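User: I would like to work through the sheets, the helix packing and the ligand surroundings of this model, one question at a time. Please reason briefly before each answer.

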Amino acid sequence: MLRVQNLYAEYPHSQLGHVLENVSFTANDGERIALLGANGAGKSTLLLSMLGVLPIHAGSVEICGVRLEKATLTQVRARTGLVFQNPDDQLFMSTVWEDVLFGPLNYGMNKTDEGISLENKANFLLDSLGIGHLKDRMSHKLSGGEKRLAALASVLIMEPQVLLLDEPTAFLDPRGKRALTTILTGLPQTMLIATHDIPFVETLTSRAIVLCKGVIRADGPTTTILRNETLLAESGL
Ligand SMILES: Nc1ncnc2c1ncn2[C@@H]1O[C@H](COP(=O)(O)OP(=O)(O)OP(=O)(O)O)[C@@H](O)[C@H]1O
Ligand SMILES: [Mg+2]
């Protein structure tokens with residue numbers, strides 16, 4: 001389970017003040033939730049605060065029964081995979097292959113939960129995402145969509161219990177988007193997906209949370225939210 005309670009966040013040394021205000025929601029195991037909102041609404045900020053990348057100003061985050069604190073940061077991050085909005089924040093090794101294996105090796109994983117070797121899992125994931133041919137390429141010299149898929153592979157291989165995805169379909173061509181949709185649909189994890197991609201949200205999520213200027217404006221079934229034109233217009237969508 002994922003629980004965010006009365007969360008306030010602000011950026012250090014910023015004049016803006018709170019960019020998240022009193023944000024609360026609970027996600028059940030296996031729930032896939034869309035996080036919608038105009039540019040600057042606070043979607044990325046929420047995902048970053050949930051992993052302590054941006055320190056929480058007030059309120060609490062609890063992931064799989066562990067409350068996010070300085071002392072539990074490693075534990076929370078081991079259970080939670082965050083795919084950053086900008087893939088350049090995720091890829092830092094020299095090749096795609098090294099980037100994909102970095103997390104598991106760093107956490108001392110040598111087999112996946114199903115007992116498959118890391119190499120087999122990495123090959124399988126890269127092939128499923130349609131980027132098997134890129135594994136020996138330099139990560140920072142890939143195209144935008146290729147980087148996005150490599151970043152996704154580097155997180156999915158960790159088999160985190162919770163997935164936080166920031167604009168996962170940005171830069172993807174229709175084929176890449178279909179591959180990603182198929183993979184995510186087949187995964188049991190709880191997911192929070194910040195996106196502007198409405199068809200993707202309709203296929204993948206059953207619930208949507210709308211952020212407006214750092215405040216939760218609506219939280220309900222995706223179909224109901226997407227039909228509410230007044231709400232969407234007032235939230236800048
Ligand atoms: N590093 C930063 N320092 C100061 N303010 C920031 C920083 N990053 C974002 N902000 C501000 O915080 C607010 C929320 O930004 P955030 O990136 O969370 O929006 P978003 O909903 O993810 O938008 P987008 O759809 O463009 O990705 C915005 O007003 C933004 O200008
Ligand atoms: Mg963002």
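User: How many bridges join strand E3 to E9, and in which sense do the two strands run, parallel or antiparallel?

Analyst: The model is a predicted one, and the strand in question, E3, covers residues 32–36. One pair of partners in this ladder is Ile33 and, in E9, Arg207. E3 and E9 run parallel, and the number of bridges that join them is 4.

User: Which strands are the edge strands of the sheet that holds E3 and E9?

Analyst: That sheet is an open one of 6 strands with mixed pairing, in the order E6-E7-E8-E3-E9-E10. Its twist averages 15° from one strand to the next. A strand at the edge pairs on one side only, and this holds for E6, which spans residues 80–83, and for E10. The edge strands are therefore, with strands taken as DSSP runs, E6 and E10.

User: What is the sense of the pairing between E9 and E10, and which residue of E10 is the bridge partner of Leu211?

Analyst: Strand E9 comprises residues 207–212 and strand E10 residues 215–221, and the two pair in the antiparallel sense over 6 bridges. They form a hairpin with 2 residues between the strands, where Lys213 takes a positive phi near 50°. Within this antiparallel pair, the partner of Leu211 in E10 is Ile216.

User: In what order do the strands of the 4-stranded open sheet lie?

Analyst: Strand E1 (residues 2–9) pairs with strand E4 (residues 56–63) in the antiparallel sense over 6 bridges, and Val4 stands opposite Val61 in E4. The edge strands, each of which pairs on one side only, are E2 (20–27) and E5. The pairing in this open sheet is antiparallel, and the order of its 4 strands is E2-E1-E4-E5.

User: Which residue in the turn of the hairpin of E4 and E5 has a positive phi?

Analyst: E4 pairs with strand E5, residues 66–67, in the antiparallel sense over 2 bridges. The bridge partner of Ile63 in E5 is Val66, while that of Glu62 is Arg67. The hairpin leaves 2 residues between its strands, and the turn residue with a positive phi, of about 50°, is Cys64.

User: Why do H3 and H4 count as oblique to each other?

Analyst: Helix H3 (residues 96–106) and helix H4 (residues 118–128) pack with their axes 11 Å apart, and H3 passes H4 in a right-handed crossing. The contact is made by Val100, Leu101 and Pro104 of H3 together with Leu118, Ala122 and Leu126 of H4, and by class it has 6 nonpolar, no polar and no charged residues. Only angles over 145 degrees would count as roughly antiparallel, so H3 and H4 are oblique to each other, with an angle of about 140°.

User: How is H3 oriented towards H5, roughly parallel or roughly antiparallel?

Analyst: H3 and helix H5, residues 144–156, pack with their axes 7 Å apart and at an angle of about 30°. Because angles under 35 degrees count as roughly parallel, this value makes H3, with respect to H5, roughly parallel.

User: Which residues of H5 make the contact with H3, and how many residues of that contact are charged?

Analyst: The crossing of H3 and H5 is right-handed. H3 contributes Val96, Asp99, Val100, Phe102 and Gly103, and H5 contributes Ala150, Ala153 and Ser154. By class the contact has 5 nonpolar and 2 polar residues, and the number of charged ones is 1.

User: Which residues come nearest to ligand 1?

Analyst: The shell around ligand 1 holds 13 residues, which divide into 4 nonpolar, 8 polar and 1 charged. Of these 13 residues, the ones that come nearest are Tyr11, Asn39, Lys43, Ser44 and Thr45.

Note on methods: Residues are numbered from 1 along each chain as its sequence is written. Chains are lettered from A and ligands numbered from 1 in the order in which they are written. This is a predicted model: local features need pLDDT of at least 70, side-chain atom pairs count only at pLDDT 80 or more; totals for chains, interfaces and linings use all residues. Two strands pair if DSSP finds at least two bridges between them. A residue is near a molecule or strand if its C-beta atom, placed from the backbone, lies within 6 Å of it. Ala, Val, Leu, Ile, Met, Phe, Trp, Tyr, Cys and Pro count as nonpolar, Asp, Glu, Lys and Arg as charged, and the others, Gly among them, as polar. Axes are lines fitted to C-alpha atoms, for helices over the stretch in contact, and angles run from 0 to 180 degrees between N-to-C directions. Angles under 35 degrees count as roughly parallel, over 145 as roughly antiparallel, 65 to 115 as roughly perpendicular and the rest as oblique. A crossing is left-handed if the near helix is turned anticlockwise from the far one by less than a right angle, and right-handed if clockwise. Two residues are in contact if their C-beta atoms, placed from the backbone, lie within 7 Å.
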